[in-house]
Every structure is written in C-alpha cells, then in structure tokens.
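Grab your viewer and work through the exercises below. Try each task yourself before you read its solution.

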Amino acid sequence: MGKSLGVRAALLSLLIFAAIVGLWQIAVQPAGGGGGAAVDPEYAKLVGAAAATGAKSAMPSPADIGATIWKHLADPFYVRGSNDKGIGVQLAYSLGRVLLGFGLAALLAVPLGFVIGMSPLVYRALDPFIQILKPVSPLAWMPLALYTIKDSAISSIFVIFICSVWPMLINTAFGVASVRREWLNVARTLEVGPLRTAFRVILPAAAPTIMTGMRISVGIAWLVIVAAEMLVGGTGIGYFVWNEWNNLSIANIVTAILLIGLVGLLLDQALARLTRLVTYPE
C-alpha cells in the first residue's frame with residue numbers, strides 16, 4: 001500500500017510539473033501584433049527592444065532556463081574575478097555561512113533549552129526575553145552587526161545564528177519539559193544521577209522534538225542568508241541573484257531560484273532523515 005501510494009504521488013508530481021512547464025511555455029509566447037508598438041525608451045533599455053514591443057517575451061522560456069542550468073552545471077566552480085564566480089562557488093559560500101551560524105546556534109540553544117525545560121524557575125525568568133527577541137526580523141540585526149563587527153561575512157553568520165536560535169531553543173525546552181514523568185520517576189527510583197538521566201532518559205525522549213526545531217531553524221537560515229547576502233554583497237547565492245539582476249539576466253536569476261529551492265529541499269530532507277533515526281516507537 002505504501003509503495004503504491006509513493007508511485008502514485010511521484011506520477012502526480014510529474015504531471016503537475018509538466019502542467020507548470022506547459023503553462024510557462026504558453027505564458028512566454030510573444031504577443032501577436034505588437035511588433036510596431038511604441039514603448040517607453042527606458043523600459044526598452046531595461047528589458048530589450050524586442051521584449052518591450054512584444055516581439056519576444058522578457059521572461060525566459062523553459063528551454064532557455066534548461067540551457068542556462070546546463071551552462072552553470074558544466075563549470076560550476078570557476079573563478080574569473082571578484083564578480084565572476086561559478087554558481088557552485090556561490091552556493092558553497094552560502095552553505096558554509098549557514099552551517100557555521102546554524103552550528104553555533106545549536107551549541108547555545110540545545111544546552112540552554114535543556115536548562116529551561118528542566119527548570120520552571122529558569123523558564124519563567126527567560127521567557128520575557130525570548131518572547132521579545134523571537135519576533136524581531138533577523139535582517140533587523142544586520143545594521144547593528146555591520147556596525148559592531150565591521151565584517152560583512154561574519155555579520156551574515158551572526159544573522160544566521162540569531163534566526164536559528166529561537167526554533168531550536170523553544171523546541172528543545174518543550175521536548176525536555178514534555179518527557180513522561182513516569183520515566184523520570186523510574187530513574188529516580190533506580191537512583192540514576194542527574195547527568196546520566198539527562199543523557200540516557202531525557203535526551204532520547206526529547207530528541208525528535210529537538211530535531212524538529214533544528215529542521216525549522218535550517219530552513220529559516222537558508223531563507224535568510226539569501227536576503228543577507230543581497231545586502232552585504234561580495235559572495236554567496238544571494239549576491240549572485242542581485243548581481244544578475246544588475247546585469248538584467250533573468251534566466252540566471254530563475255536558475256538561481258531553482259537551485260536555492262533544491263538546496264533547501266536537500267537540507268530539509270537530511271534533517272528529516274536524522275529525525276526519523278532518533279524517533280523510537282514506545
């Protein structure tokens with residue numbers, strides 16, 4: 001039954017993909033009878049004369065995107081100057097920043113979440129700070145980070161750190177606080193020490209909730225790094241998108257959007273698999 005459902009879901013996904021590509025191809029067809037229409041010169045300069053008059057769509061076709069993806073994948077790691085790097089190099093910079101900021105956030109959020117989850121006093125004391133800082137947009141921290149750190153790359157990592165902390169912290173505290181009381185009572189009855197109880201009872205029980213928080217955090221981190229790199233420039237997939245907009249290369253922008261989504265999917269699925277590995281049936 002499960003295998004049959006998977007096959008049907010895959011077929012439906014392919015059908016939806018084909019429908020999207022078909023509608024996209026229809027949408028980018030040139031408008032009829034627009035070849036001689038007068039257009040604003042500035043608009044023509046922006047999108048090209050043929051696209052401005054309707055003789056050609058300003059939006060690339062699926063075939064154009066396929067050709068652009070193939071060109072990037074054929075040589076993804078070239079470096080020909082500060083503003084001319086392969087898309088693989090740009091993705092590597094972004095992934096490095098995300099994983100570093102995410103790792104630093106995990107080093108803080110998981111132990112602190114344990115303390116909060118195990119102590120109602122600490123929870124009540126820290127909850128106002130968490131509720132005030134949690135809704136702040138990560139990008140609102142960027143000007144302060146740039147002013148104090150004075151390094152755009154480290155500032156991007158700091159923004160990733162800030163946005164990754166809260167889901168992991170909250171989920172860890174919730175998972176630890178939700179451990180079944182009878183399991184803790186058994187540990188006390190057997191005179192198990194606090195440290196061993198934390199690692200042998202609480203951590204395995206809370207692990208799925210902690211991993212769920214990590215999964216949410218890495219998705220937010222990958223979302224934010226693109227915007228952060230657009231602001232600070234230099235390297236990264238966000239900078240690549242902004243640079244290609246300045247070059248008016250819509251095909252490269254769409255290609256980058258697709259690759260950003262694909263990398264985000266791979267990060268999410270990697271953590272989803274880790275979540276399944278630490279989830280044990282009762």
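A contact here means heavy atoms within 4.5 Å. With that cut-off, residues 24 or more positions apart account for 71% of the contacts with a separation of 6 or more in the protein chain.

Some ground rules: this is a predicted model, where local features need pLDDT of at least 70, side-chain atom pairs count only at pLDDT 80 or more, and totals for chains, interfaces and linings use all residues. Residues are numbered from 1 along each chain as its sequence is written, and side-chain values use heavy atoms, with hydrogens and water left out.

**Exercise 1. Take stock of the fold**

Work out how many helices and strands the protein chain has, and what share of its residues is buried.

Solution. Start with DSSP runs, numbered from the N terminus: helices are H or I with at least four residues, strands are E with at least two. On that basis the protein chain has 12 helices and zero strands. Next comes burial: buried means under 20% relative accessible area, exposed over 50%, and partly exposed in between, using a 1.4 Å probe and protein chains only. Buried residues make up 38% of the 282 residues.

**Exercise 2. Classify three helix pairs**

Decide how helix 5 sits relative to helix 8, helix 10 relative to helix 12, and helix 7 relative to helix 8.

Solution. Two packed helices are described by the angle between their axes and the distance between the axes. The axes are lines fitted to C-alpha atoms, for helices over the stretch in contact, and angles run from 0 to 180 degrees between N-to-C directions. Under 35 degrees counts as roughly parallel, over 145 as roughly antiparallel, 65 to 115 as roughly perpendicular, and the rest as oblique.

Step one: helix 5 and helix 8 pack at about 30°, with their axes 6 Å apart. They are therefore roughly parallel to each other. Helix 5 passes helix 8 in a right-handed crossing (the near helix is turned clockwise from the far one by less than a right angle; anticlockwise would be left-handed). Sorted by class, this contact has 23 nonpolar, six polar and one charged residues. The classes are: Ala, Val, Leu, Ile, Met, Phe, Trp, Tyr, Cys and Pro nonpolar; Asp, Glu, Lys and Arg charged; the others, Gly among them, polar.

Step two: the axes of helix 10 and helix 12 come within 9 Å and cross at roughly 170°. That makes helix 10 roughly antiparallel to helix 12. The residues of this contact divide into 12 nonpolar, four polar and two charged.

Step three: helix 7 (residues 142-149) and helix 8 (residues 152-177) pack at about 135°, axes 9 Å apart. That makes helix 7 oblique to helix 8. The crossing of helix 7 past helix 8 is right-handed. On the helix 7 side, the contact is made by Met142, Ala145, Leu146 and Ile149; helix 8 brings Ser152, Ile154, Ser155, Ser156, Phe158 and Val159. Those residues split into seven nonpolar, three polar and no charged.

**Exercise 3. Look around helix 7 and helix 8**

Find which residues Val232 contacts, and decide whether Lys150 is buried or exposed.

Solution. Val232 lies in helix 10. Leaving aside neighbours within four places in sequence, Val232 is in contact with Met142, Leu146, Ser152 and Ser156. The C-alpha atoms of Val232 and Ser155, 77 residues apart along the chain, are separated by 8.6 Å. As for Lys150, this residue lies in the loop between helix 7 and helix 8. Lys150 counts as exposed, at 66% relative accessibility. Lys150 also has a positive phi of about 60°, although it is not a glycine.

**Exercise 4. Track down a buried serine**

Identify the side chain that makes a polar contact with Ser94, and find which helices the buried residues of helix 11 pack against.

Solution. Ser94 lies in helix 5 (residues 87-118) and is buried, with a relative accessible area of 0%. Its side chain makes a polar contact of 2.8 Å with that of Glu229 (a pair of N or O atoms within 3.5 Å; within protein, one must be able to donate a hydrogen and the other to accept it, and residues adjacent in sequence count only if both atoms are side-chain atoms). Among the residues that Ser94 touches are Ile237 and Gly238, both on the list of buried residues in helix 11. Seven of the 10 residues in helix 11 (residues 237-246) are buried. Its buried residues pack against helix 4 (62-74), helix 5, helix 10 (194-232) and helix 12 (250-277).
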